[in-house]
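Hi,

Here is the structure I said I would pass on. Have a look at it, and below you'll find my notes on what turned up.

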Amino acid sequence: MKNKEDKLVRFISISESHKAFGLPAPQHPLISLVHFHKDHPFNTEMAPIYDILSFYKITFITRNKGRLKYGRNYYDYNEGSMLFLAPNQLVGSTDYNSETHCYILLIHPDFLLGYPLARKIKQYAYFSYSWNEALHLSDSEKGIILSIYKIMEQELNSRVDEFSQEVVIAQLELLLGYVNRFYKRQFITRKVMNNDIIQKVEVILDNYINDQNTLQRGIPTVQYLSEQLGISPGYLSDVLRSVIGKSTQQYIREKLTEKAKERLTSTDLTVGEIAYELGFEHPQSFSKMFRVQTGLSPVEFRKNIS
């Protein structure tokens, strides 16, 4: 038995990942679906503590007791949870046990080449969500996802023919479409939690914009807000879109414009001085943003108010 080493290991191929976890080689080199259950438990004895994959990973937990590690964090996942990782993201070792039942789907980007899904999969923000932003399925949603996994499992375990890849990709596209819908539902059903996020974003932005010390670092960024909130940039933008219909970047520009209007109407500062005061490196960038937001240049806005 090899001791685990607390270091990063990059898996270029799916076959390498299978070997590290003591699994037989995948039937297809670019995609695999493994079902772990009581009679086929997950064995992490040979696995590194942390690894980086060169392929997509989708974990569907159908039953669990205990904690699972995702990245560098632990999380108590319930039945019917899904987690998503894009290539080059950090994966932590997983504390599965005999009570953990799950499906792990690995997809190499090359498997999607020549199909529209190769581009579309990059547009699903949930592949960049953090460990605490997992999808939690209702019983009916869990049944839908399970049925798709069963079809893919059957197809991947059957004899490969000229239609196999097309069938699997069709099921994968269906799976990701349902996940997108179910995440939208989760944003709605967690309205109280999401409203709390919106309120915190507003406070953080107001404090940042009203503090000259922070504005010296430049205008607030999506990354800064997400770090302050402890959530991923993609999840933050999706929450904002679901609640107020704006992305994080749009919301930041809106708040900067509000502050700019205040300074334009209550001070004699030049447009350039206001731009620098708000954290813009170049006045032209400030003027461009202001025109996009209001339809007027800062000078035109000031004249109209006067």
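Let's start with R241, which sits in helix α8. This is a predicted model, by the way, so please read everything below as computed from that prediction. How buried or exposed is R241? R241 comes out as partly exposed, because its relative accessible area is 46% and that category lies between the 20% and 50% cut-offs. Setting aside neighbours within four places in sequence, R241 has K246 and S247 as its contacts. There is also a link to another part of the chain: F187 is 54 residues away from R241 along the sequence, yet their C-alpha atoms are separated by 9.7 Å.

Staying with α8 for a moment, this helix (residues 233–244) packs with helix α5 (residues 191–209). The angle between them is about 105 degrees, and their axes are 10 Å apart. That angle makes α5 roughly perpendicular to α8, since the range for that label is 65 to 115 degrees. Which residues meet there? From α5 you get N194, N195, I197, I198 and V201, and from α8 come L236, V239, L240 and V243. Sorted by type, the residues of this contact are seven nonpolar, two polar and no charged.

Now for the inside of the protein. The largest nonpolar core has 66 residues, and I58 and M82 are the ones with the most contacts inside it. Helix α4 (residues 164–189) gives the largest share of this core, with nine residues. Apart from it there is another core, this one of 15 residues, including F21, V34, C102 and A134. As general background, nonpolar side chains in soluble globular proteins tend to be buried together.

I58 is a good place to begin if you want to click around in that 66-residue core. Not counting neighbours within four places in sequence, I58 is in contact with M82, L83, F84, Y103, I104, L105, I107, F127, Y149, L172, L175 and L176. Of these, L172, L175 and L176 also appear among the buried residues of α4.

What else is buried in α4? The list also has S164, V168, I169, Q171, V179, F182, Y183, Q186 and F187. F187 is the residue from the R241 distance above. I also checked the length of α4: with 26 residues at 1.5 Å a residue, the helix should span 38 Å, and its end C-alpha atoms are 37 Å apart, which agrees.

Two more residues are worth a quick look. L146 is in helix α3 (residues 139–157) and counts as partly exposed, because its relative accessibility is 27%. Beyond residues up to four places away in sequence, L146 touches F60, T62 and Y103. F60 lies 86 residues from L146 along the chain, with 8.6 Å between their C-alpha atoms. Y103 is also one of the contacts of I58.

R263, in helix α9 (residues 248–266), counts as buried because its relative accessibility is 19% and the cut-off is under 20%. With neighbours within four places left out, R263 is in contact with L269, I274, E277 and R302.

Finally, the overall picture. The protein chain has twelve helices and ten strands, and 47% of its 306 residues count as buried. Of the contacts with a separation of 6 or more, 72% are between residues 24 or more positions apart.

Cheers

Note on methods
Residues numbered from 1 in each chain as written. Predicted model: local features only at pLDDT ≥ 70, side-chain atom pairs only at ≥ 80, totals over all residues. Heavy atoms only, no water. Core = buried A, V, L, I, M, F, W, Y, C linked by side-chain atoms within 4.5 Å. Buried < 20%, exposed > 50% of the residue type's maximum accessible area, 1.4 Å probe, protein only. Helix = DSSP H or I, 4+ residues; strand = E, 2+ residues; numbered from the N terminus. Contact = heavy atoms within 4.5 Å. Axes fitted to C-alpha atoms, helices over the stretch in contact; angles between N-to-C directions. Parallel < 35°, antiparallel > 145°, perpendicular 65-115°, else oblique. Nonpolar A, V, L, I, M, F, W, Y, C, P; charged D, E, K, R; others polar. Expected span 1.5 Å × (residues − 1).
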